Amino acid sequence: MQALDTNVLLRIVDRTNADQARQVEQLVRHSGQAPFFLSVFVMLEFGWTLTRRYKLPRTEIVQWLRFVLEAPEFMVERAALVDEAVAEFEAGNADFGDCLIGVANLASGCSTTLTFDRDAAAIERLFSPVPS
């Protein structure tokens, strides 16, 4: 199995470098039997880049994240956890990274994640504001 870095995965979305986009398309299309591994960190960076650099609308970011999660060409580390983070991201105003942090901490046995981020704190099952 081979893993992909975020800059490779992003070529599925960003086709401004036609040569790299074509390379990635051929790589994924002719990958053979084994899917490409995508770490949780790659998914975090992928969501962050779609938000901050490409400034895509939330609905489009959700579509891309779900596409990657569901595509047989990719094996996402802790896919159920990432999927839960996508659902939280879709439902609220918190960043995808915050949602992923919150669900990962909950899955690790934490009762809450303390934060100064008001958008994240609005997801009460995952976050709590830092006490004053």
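**Reading salt bridges, burial and the core**

Reader: What makes the pairing of the E25 and R15 side chains a salt bridge?

Author: The side chains of E25 and R15 come to 2.8 Å, N to O, and the term asks for a side-chain nitrogen of Lys or Arg within 4 Å of a carboxyl oxygen of Asp or Glu, so the pair qualifies. E25 sits in helix α2 and R15 in the loop between α1 (6-9) and α2, 10 residues apart, and the pair thus links distant parts of the chain. Helices here are DSSP runs (H or I, at least four residues), as strands are (E, at least two), and both are numbered from the N terminus.

The model is a predicted one, in which local features need pLDDT of at least 70 and side-chain atom pairs count only at pLDDT 80 or more, whereas totals for chains, interfaces and linings use all residues. Residues are numbered from 1 along each chain as its sequence is written, and side-chain values use heavy atoms, with hydrogens and water left out.

Reader: Why are E25 and R15 called partly exposed?

Author: Buried means under 20% relative accessible area and exposed means over 50%, with partly exposed in between (1.4 Å probe, protein chains only). E25 has 35% and R15 has 44%, so both values fall in the middle class.

Reader: How do you know that R125 and E88 tie together separate parts of the chain?

Author: The closest N and O atoms of R125 and E88 are 2.8 Å apart, which forms a salt bridge. R125 lies in the loop between α7 (118-121) and β4, and E88 in helix α5, so the pair joins parts that are 37 residues apart in sequence. R125, at 39% relative accessibility, counts as partly exposed, whereas E88, at 16%, is under the 20% limit and therefore counts as buried. Elsewhere, salt bridges that share partners join R15, E25 and R29 into one network.

Reader: What makes D95 and R52 a link between distant parts of the chain?

Author: D95 and R52 meet through their side chains in a salt bridge at 2.9 Å, N to O. D95 is in the loop between α5 and α6 and R52 is in helix α3, with their positions 43 residues apart in sequence. D95 is partly exposed at 28%, and R52 is likewise partly exposed at 41%. A search of the whole structure finds seven salt bridges. As a general matter, side chains of opposite charge can pair when their charged atoms come close.

Reader: Why is T113 called buried, and what makes its approach to N105 a polar contact?

Author: T113 has a relative accessible area of 11%, which is under 20%, so the residue is buried. A polar contact is a pair of N or O atoms within 3.5 Å; within protein, one must be able to donate a hydrogen and the other to accept it, and residues adjacent in sequence count only if both atoms are side-chain atoms. The side chains of T113 and N105 make such a contact at 2.9 Å, so the distance is inside the cut-off. T113 belongs to strand β3 (residues 113-115). Leaving aside neighbours within four places in sequence, T113 is in contact (heavy atoms within 4.5 Å) with residues including I101, L126 and F127.

Reader: How do you know that T49 is buried, and which atom does its side chain reach?

Author: The relative accessible area of T49 is 8%, which is under 20%, so T49 is buried. T49 has its place in helix α3, and its side chain reaches the backbone oxygen of E45 at 2.8 Å. Apart from neighbours within four places in sequence, T49 is in contact with L10 and Y54.

Reader: What makes a set of residues a nonpolar core, and which members touch the most others?

Author: A nonpolar core is a set of buried Ala, Val, Leu, Ile, Met, Phe, Trp, Tyr and Cys residues joined through side-chain atoms within 4.5 Å. The largest such core has 38 residues, of which L38, F74 and V82 touch the most other members. Each of several elements supplies at least two of its residues, among them α2 (18-29), β1 (36-38) and β2 (74-76). F74 touches residues including L4, F36 and V68, not counting those up to four places away in sequence.

Reader: Why is S108 called exposed?

Author: S108 stands at 55% relative accessibility, which is over 50%, so S108 counts as exposed. S108 has its place in the loop between α6 and β3.
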